[in-house]
Amino acid sequence: MKVFVIADLHLFHENIIKYENRPFTNVDDMNKSLIKNWNKVVSNDDKVFVLGDVTFGNKEQTAEIIKSLHGKKILVMGNHDISRNIKWFLDVGFDGASRYPIIYNEFIVLMHEPPCYYNDASPYFYIYGHVHSCEMYKTITKQSACVSVERWDYTPVDIDKIFDLVKLV
């Protein structure tokens with residue numbers, strides 16, 4: 001089993017294509033590409049942590065896509081998800097959902113927004129989304145990684161790959 005992370009899918013969000021200069025002609029093209037990219041790297045035995053801002057679609061539209069994605073899917077809700085309750089996300093196909101950050105393997109903090117503050121003394125490694133392609137935030141540092149889809153070719157990233165890249169920083 002591999003573990004993947006991804007953030008900021010923004011399924012069914014037409015304006016995100018323009019806001020983030022995503023390379024898609026329309027929402028249908030974007031959604032299909034996200035599904036294809038996901039299923040190309042994730043197997044049904046894998047786990048994927050989705051770090052917020054999943055969908056702007058309705059329950060039926062969202063369920064169709066989430067249920068088509070490989071792997072066990074765990075959501076850390078983002079700012080665009082909080083208008084819905086956890087049951088809604090379970091109903092559309094997530095295996096788990098949390099309104100709060102998840103601590104994985106005792107030191108990896110999986111969250112939607114970047115941490116407000118940390119320093120070299122922090123024992124944690126932070127993985128987050130929310131900031132999309134904002135250049136103020138680096139994709140990889142010694143203590144953090146941004147996994148917004150724009151930074152990883154619209155594809156879930158293997159958590160082991162993140163830590164391989166951290167060694168190069």
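Two strands count as paired when DSSP finds at least two bridges between them, and the strands themselves are DSSP runs (E, at least two residues), just as helices are runs of H or I with at least four residues, all numbered from the N terminus. The model in your viewer is predicted, so local features need pLDDT of at least 70 and side-chain atom pairs count only at pLDDT 80 or more, while totals for chains, interfaces and linings use all residues. Residues are numbered from 1 along each chain as its sequence is written, and side-chain values use heavy atoms, with hydrogens and water left out.

**First stop: strand S1**

Select residues 3-6, which make up strand S1, where Val-3 and Val-5 point one way and Phe-4 and Ile-6 the other way, and all are buried (under 20% relative accessible area, against over 50% for exposed and in between for partly exposed, with a 1.4 Å probe and protein chains only). Add residues 47-50, strand S2, which pairs with S1 in the parallel sense over four bridges; here Phe-49 is the bridge partner of Val-5. Then add strand S9, residues 157-158, which pairs with S1 in the antiparallel sense over two bridges, with Val-157 standing opposite Val-5.

**Second stop: the open sheet**

Select strands S5, S6, S7 and S8, which form an open sheet in that order with mixed pairing. Strand S5 (102-104) and strand S8 (144-146) stand at the edges, and because each has a single partner strand, one side of each is left without a neighbour in the sheet. From one strand to the next the twist averages 20°, where axes are lines fitted to C-alpha atoms, for helices over the stretch in contact, and angles run from 0 to 180 degrees between N-to-C directions. Within the sheet, strand S7 (residues 125-128) pairs with S8 in the parallel sense over three bridges, and Ile-127 has Ala-145 in S8 as its bridge partner. Now add residues 159-166, helix H5, which packs on the sheet, touching S5, S6, S7 and S8, with a direction that makes about 125° with that of S7.

**Third stop: the cores**

A nonpolar core is a set of buried Ala, Val, Leu, Ile, Met, Phe, Trp, Tyr and Cys residues joined through side-chain atoms within 4.5 Å. The largest has 28 residues, and Leu-9, Trp-38, Val-50, Leu-75 and Phe-94 are those with the most contacts inside it. Helix H2 gives the most to this core, with four residues. Centre the view on Leu-9, which, leaving aside neighbours within four places in sequence, is in contact (heavy atoms within 4.5 Å) with residues including Met-30, Leu-34, Trp-38 and Val-149. Finish at a second, separate core of 21 residues, which includes Ile-108, Ile-127, Val-157 and Ile-162.
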